[in-house]
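Hi,

Here is the structure I promised to pass on. My notes follow below it.

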Amino acid sequence: MGYILVVEDEQDIQELLKNYLEEAGHETVLASDGVEGVTAFSGGKFDLVLLDVMLPKIDGFGVLEVIRRESQVPVIMLTALDDESYQIKGYDLQVDDYVTKPFSMQVLLRKIAAVLRRTGGKSGKESGILCYRALRLDLEGYHAWMEERELDLTQKEFELLREFLTNSGRVLTRGQLLDAVWGMDYFGEERIVDTHIKNLRKKMQAEYIETIRGVGYRIDKIH
């Protein structure tokens, strides 16, 4: 499984890719033009990029040039142009593979899996990145993002999110959260957990943390 940036301006293809990729267990971020694609890439750590050639504002070759100036992340280009010169241009810019539209989603998924195997691309705990829907945590750098928006979190807020994501699907009591984040020698008020979770919800602008009345809190299982 990987964390994949999809840069595609056709809405129906974008949604098709998102649905199939997430069903296959990948996390996705969507961009609808070249500028959005470059911005999203600069704000995240991706395992692979699916990149359309014919994009508004900056075309796919321009986006690929920007990516290659800072990263060797695998890139698969999607194109309706099967002209040899376009493919040669892409390979000269170090694209990893080409897929010509219309394409089979099953074939594309297998190409993605092959590229990720070849490059060692992975997401989640193995790469120090935890993901849930639009939320990503960089465990080593203590950074958190909602899609391309970086969250300004305190250390305790980050560590609370880390506990929820590493225990996704489990209900965690205030006591468990206090022990994990504040330490077992903390003797303050348990309601400090509620205050931090309230602040997290406000910063994320999403109701990812579920209150289980009378028990504690939970982030649901990652699908």
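To start with a puzzle: is Tyr98 buried or exposed? Tyr98 is buried, with a relative accessible area of 7%; buried means under 20% relative accessible area, exposed over 50%, and partly exposed in between, with a 1.4 Å probe and protein chains only.

Before the rest, a word on the source. This is a predicted model, in which local features need pLDDT of at least 70 and side-chain atom pairs count only at pLDDT 80 or more, while totals for chains, interfaces and linings use all residues. Residues are numbered from 1 along each chain as its sequence is written, and side-chain values use heavy atoms, with hydrogens and water left out.

Back to the rings. A search of the whole structure finds 5 aromatic pairs, where rings of Phe, Tyr and Trp (its six-membered ring) pair if their centres lie within 6.5 Å, and planes under 30 degrees apart count as stacked, over 60 as edge-to-face and the rest as tilted. With centres 6.2 Å apart and planes at 20°, the rings of Phe41 and Phe46 are stacked. Both Phe41 and Phe46 are buried, and with Tyr3 they form one aromatic cluster. Tyr98 pairs with Tyr91: the ring centres are 5.5 Å apart and the planes at 70°, so this pair is edge-to-face. Tyr91 is partly exposed, with a relative accessible area of 40%.

Next, the interior. The largest nonpolar core (buried Ala, Val, Leu, Ile, Met, Phe, Trp, Tyr and Cys residues joined through side-chain atoms within 4.5 Å) has 28 residues, and Leu135, Leu161, Phe164, Met204, Tyr208 and Ile209 touch the most other members. Among the elements that give two or more residues to this core are α6 (155–166), α7 (174–182) and α8 (192–204); helices (H or I, at least four residues) and strands (E, at least two) are DSSP runs, numbered from the N terminus. The most comes from α6, with 5 residues. A second, separate core of 25 residues includes Val29, Val95, Ile129 and Cys131.

Finally, α7 and α8 pack at an angle of about 80°, with their axes 10 Å apart. Axes are lines fitted to C-alpha atoms, for helices over the stretch in contact, and angles run from 0 to 180 degrees between N-to-C directions. That makes α7 roughly perpendicular to α8 (65 to 115 degrees; under 35 is roughly parallel, over 145 roughly antiparallel, the rest oblique). In the contact (heavy atoms within 4.5 Å), α7 brings Arg174, Leu177, Leu178 and Trp182, and α8 brings Ile192, Val193, Asp194, His196 and Ile197.

Best wishes
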